[in-house]
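Here's a quick tour for anyone meeting this protein for the first time. Have a look at the structure, then read on.

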Amino acid sequence: MESMYFSTQPDPSADSKRTILRELIDRDALAADLRLSLFVSAARSFKYDSCLQPFPPDFINGNKEKNIDELNRVLGGFQPLQELDIEDLNSKHLDLLHWILCQKSNPGLRTVPKKDFDSILAKAPCIAAVQRPQQIFEVVYREDSNLERRFREKRDQFARQYAYHGSKLFNFYSILNYGLQQHLNRTALFGEGIYLSAELHVSQMFAPTGAGWARSALGSHLACTALCEYIDNPDYVKCHTENSIASDIPEKYILVKNNDLVQVRYLLVYGSNRRQVAPTEVSNNTPDQRMGQTTNGRAPPSPCVRWIAANKSWLMAGGYVLMLFGIGLMNNPNVHYMRQMFLQKINHVCHSLFGGVAERDA
């Protein structure tokens with residue numbers, strides 16, 4: 001396995017940071033790119049307070065307040081890693097990039113060659129046809145990692161299996177640093193725990209494409225699914241069986257109720273680019289010109305349209321709840337009685353108005 005760099009120096013000099021960063025990016029630029037993309041996605045999420053963990057200490061003031069605006073301003077100054085001139089980085093950019101890629105590089109990431117994709121995906125073979133990931137990254141744990149140590153202590157007692165886990169892009173920064181945590185699961189339909197699936201397409205439903213780093217070589221928008229190894233301890237692992245009842249785990253789902261029994265082994269990444277106007281392009285135009293700018297010949301979407309696109313999952317869920325509420329009202333006998341009374345009143349009023357006129361004309 002390719003050697004990974006894990007920083008152990010508490011505060012190396014600026015020259016040392018530049019040397020370490022240059023070596024790390026030269027060794028595996030795509031892996032460094034993904035780590036930075038996951039960090040940027042978490043930093044720009046409305047849930048940054050919970051998903052941007054750990055938070056860079058240089059951006060926490062004396063009152064322990066997180067300066068997320070300043071952090072995002074510094075992040076916006078990074079050039080693509082393949083074009084980055086490390087010698088030109090100022091101290092703020094250098095310190096932050098070193099902190100993200102080196103000081104918080106446990107576990108590490110390694111780009112998997114495309115020729116090995118089939119052997120990786122064969123660890124959890126799927127029945128349904130799925131889209132092949134654009135990139136696969138191996139998650140490499142240090143020997144003294146607490147996550148790996150706790151997993152190894154239990155792995156020889158039971159069989160080990162592989163399954164997939166999908167989540168929103170901004171969650172993967174904390175997942176990479178702390179592993180999957182069952183108490184952070186917000187969709188516990190069948191009980192608290194870590195939800196996995198034997199089918200990749202099932203996990204992909206929970207891994208929508210999200211905004212990452214605009215200058216990433218992987219794409220400005222990414223979707224990420226984890227391939228996990230889990231220990232099949234029946235005391236903590238629930239899955240669908242032939243004797244399962246309706247309230248049990250659905251087919252192809254796996255519920256693990258112990259964090260120590262699951263380890264993320266690989267990240268499956270799907271990338272896409274969405275055209276954005278660069279800041280330099282905008283600054284060179286007058287306000288009138290900016291108002292008239294279009295993308296691919298079309299007017300840019302309004303803030304309302306962008307909000308709907310960003311929250312379409314919640315809107316669909318809300319529409320479904322309203323539909324169920326409407327069905328419940330229609331089947332309610334009291335509502336049915338009131339509707340009949342209302343219709344009778346309307347009928348009586350119409351008869352009085354129009355029926356009486358017709359009689360006078362006659």
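Leu-324 sits in helix 13, which spans residues 312–330. Keep in mind that you're looking at a predicted model. Is Leu-324 buried or partly exposed? Its relative accessibility is 43%, so it counts as partly exposed, because that class runs between the buried limit of under 20% and the exposed limit of over 50%. Leu-324 also has company: together with Tyr-320, Met-323 and Ile-327 it makes up a nonpolar patch on the surface. The accessible area of the four adds up to about 400 Å². A bit of helix geometry is handy here: an α-helix has 3.6 residues a turn, so residues three or four places apart point the same way.

Now for the whole protein. There are 14 helices and nine strands to find your way around. Of the 362 residues, 39% are buried. The accessible surface amounts to about 21,400 Å², and carbon and sulfur atoms account for 54% of that. If you take the contacts with a separation of 6 or more, 76% of them are between residues 24 or more positions apart.

Next stop, helix 4, which covers residues 68–75. Why is it described as largely enclosed by the rest of the structure? Because six of its eight residues are buried. Those buried ones are Ile-68, Glu-70, Leu-71, Asn-72, Val-74 and Leu-75. Their cover includes helix 2 (29–43), helix 3 (48–51) and helix 5 (91–103).

Follow the chain on from helix 4 and you get to the loop that leads to helix 5, where Ile-86 is found. Ile-86 has a relative accessible area of 6%, so it is buried. Setting aside residues up to four places away in sequence, Ile-86 touches Arg-18, Leu-21, Arg-22, Ile-25 and Leu-94. Take Arg-22 from that list: it is 64 residues from Ile-86 in sequence, yet their C-alpha atoms are 7.2 Å apart in space.

Another loop worth a visit joins strand 4 (194–197) to helix 9 (200–204), and it holds Glu-199. Glu-199 counts as buried because its relative accessibility is 3%. Which residues does Glu-199 contact, leaving aside neighbours within four places in sequence? They are Cys-126, Ile-127, Ala-128, Tyr-164 and Lys-252. With two of these, a polar atom of the Glu-199 side chain lines up with a backbone nitrogen, at 2.7 Å for Ile-127 and 3.3 Å for Ala-128.

Last up is strand 9, running over residues 262–272. This strand is mostly covered, with 10 of its 11 residues buried. Strand 9 pairs with strand 2 and is also joined to strand 6. Here are the two pairings side by side:

| Partner of strand 9 | Residues of partner | Sense | Bridges |
|---|---|---|---|
| Strand 2 | residues 135–140 | antiparallel | four bridges |
| Strand 6 | residues 221–231 | antiparallel | 10 bridges |

To spot these pairings in the model, pick out one residue pair for each. On the strand 2 side, Glu-138 stands opposite Tyr-266 of strand 9. For strand 6, look for Ala-226, whose bridge partner in strand 9 is Leu-267.

Definitions and conventions
Residues numbered from 1 in each chain as written. Predicted model: local features only at pLDDT ≥ 70, side-chain atom pairs only at ≥ 80, totals over all residues. Heavy atoms only, no water. Buried < 20%, exposed > 50% of the residue type's maximum accessible area, 1.4 Å probe, protein only. Helix = DSSP H or I, 4+ residues; strand = E, 2+ residues; numbered from the N terminus. Pairing = 2+ DSSP bridges. Polar contact = N/O pair within 3.5 Å; in protein donor to acceptor, adjacent residues only side chain to side chain. Contact = heavy atoms within 4.5 Å. Patch = residues over 30% accessible without salt bridge, like charges linked within 9 Å, V, L, I, M, F, W, Y side chains within 5 Å. Areas by Shrake-Rupley, 256 points an atom, 1.4 Å probe, with all protein chains shown as cover. Salt bridge = Lys/Arg side-chain N within 4 Å of Asp/Glu carboxyl O.
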